[in-house]
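Trainee: Could you take me through one part of this model up close? I'd like to follow how the strands there connect, one after another.

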Amino acid sequence: LLTPPLILWITFTESYFADNVLQSSGVLSVLPSSISIISIYSIGWARILLTHLHSSFSALYAGMIMEINGFIIESVVVGSVGTNCYIVHKKDSEHCFVVDPGDSGDKIANYIRDQKMILDHILLTHGHFDHIQGVRDLKNAIRCEICVLDVEKELLSDAHMNVSAMTGRPEELEADIWLHDGQQFESAGITIKVIHTPGHTK
């Protein structure tokens with residue numbers, strides 16, 4: 001499997017160990033260490049590693065809700081190819097960010113409003129159609145900034161390259177914040193480190 005160019009690392013204060021393995025079109029992995037690190041990224045068919053302790057699950061659309069050490073990660077399956085979209089926030093905070101809204105931006109916006117959350121950013125792992133076709137509707141509904149790795153500029157700006165033109169819904173986007181490899185930034189009160197992992201795209 002080839003990874004997309006961007007992995008978002010979220011650092012936690014305690015160590016948890018991966019216990020269960022599920023099949024999914026996205027990846028959520030918890031790595032054992034003195035400080036656990038969670039990465040959120042989406043690739044074709046991959047695995048979700050779920051934590052052994054302090055996790056809870058319930059249905060959200062065709063996805064699930066996971067609580068890990070005070071962080072809530074909600075996965076929503078969207079679009080024609082079943083892409084995993086993530087809504088991430090701290091348990092005690094109303095601020096959130098969304099990763100890869102590949103479709104149904106209006107429904108994601110309605111859900112965020114219904115939960116009385118505040119959307120800070122839309123984070124994109126890469127620029128293919130199945131990760132971006134919900135961005136415009138979501139941003140139009142809830143004003144926020146789009147964050148993407150800088151090497152994705154060409155892909156995002158060309159509907160033929162990002163394959164959205166072939167779906168009959170051509171999409172070309174411009175990020176508000178271009179991220180760089182190794183950069184750390186904050187969204188929804190969560191510190192995120194950007195790691196460039198070329199292969200699936202640049």
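**From S8 to S11**

Mentor: Sure, let's begin at the far end: strand S10 pairs with strand S11 (residues 118-124) through five bridges, and the two run parallel. One pair to look for is phenylalanine 97, whose bridge partner in S11 is histidine 121. To get from S10 to S11, the chain passes through helix H1 (residues 105-114), making a right-handed β-α-β crossover. Keep in mind that this is a predicted model.

Now stay on S10, which covers residues 95-99. Four of its five residues are buried, so the strand is largely enclosed by the rest of the structure; buried here means under 20% relative accessible area.

S10 also has a partner in S9: four bridges join them, and this time the strands run antiparallel. Look for histidine 89, which has cysteine 96 in S10 as its bridge partner. S9 and S10 make a hairpin, with four residues between them.

Step back once more and you reach S8. Strand S9 (residues 83-90) is joined to S8 by eight bridges, and those two run antiparallel. Isoleucine 73 is a handy marker here, as it stands opposite valine 88 in S9. S8 and S9 form a hairpin too, with four residues between the strands, and in it glycine 79 takes a positive phi near 80°. As for S8 itself, it spans residues 71-78 and is mostly covered, with seven of its eight residues buried.

Terms used:
Residues are numbered from 1 along each chain as its sequence is written. This is a predicted model: local features need pLDDT of at least 70, side-chain atom pairs count only at pLDDT 80 or more; totals for chains, interfaces and linings use all residues. Side-chain values use heavy atoms; hydrogens and water are left out. Buried means under 20% relative accessible area, exposed over 50%, partly exposed in between (1.4 Å probe, protein chains only). Two strands pair if DSSP finds at least two bridges between them. A crossover is right-handed if, with the strands pointing away from the viewer, the path from the first strand over the helix to the second runs clockwise.
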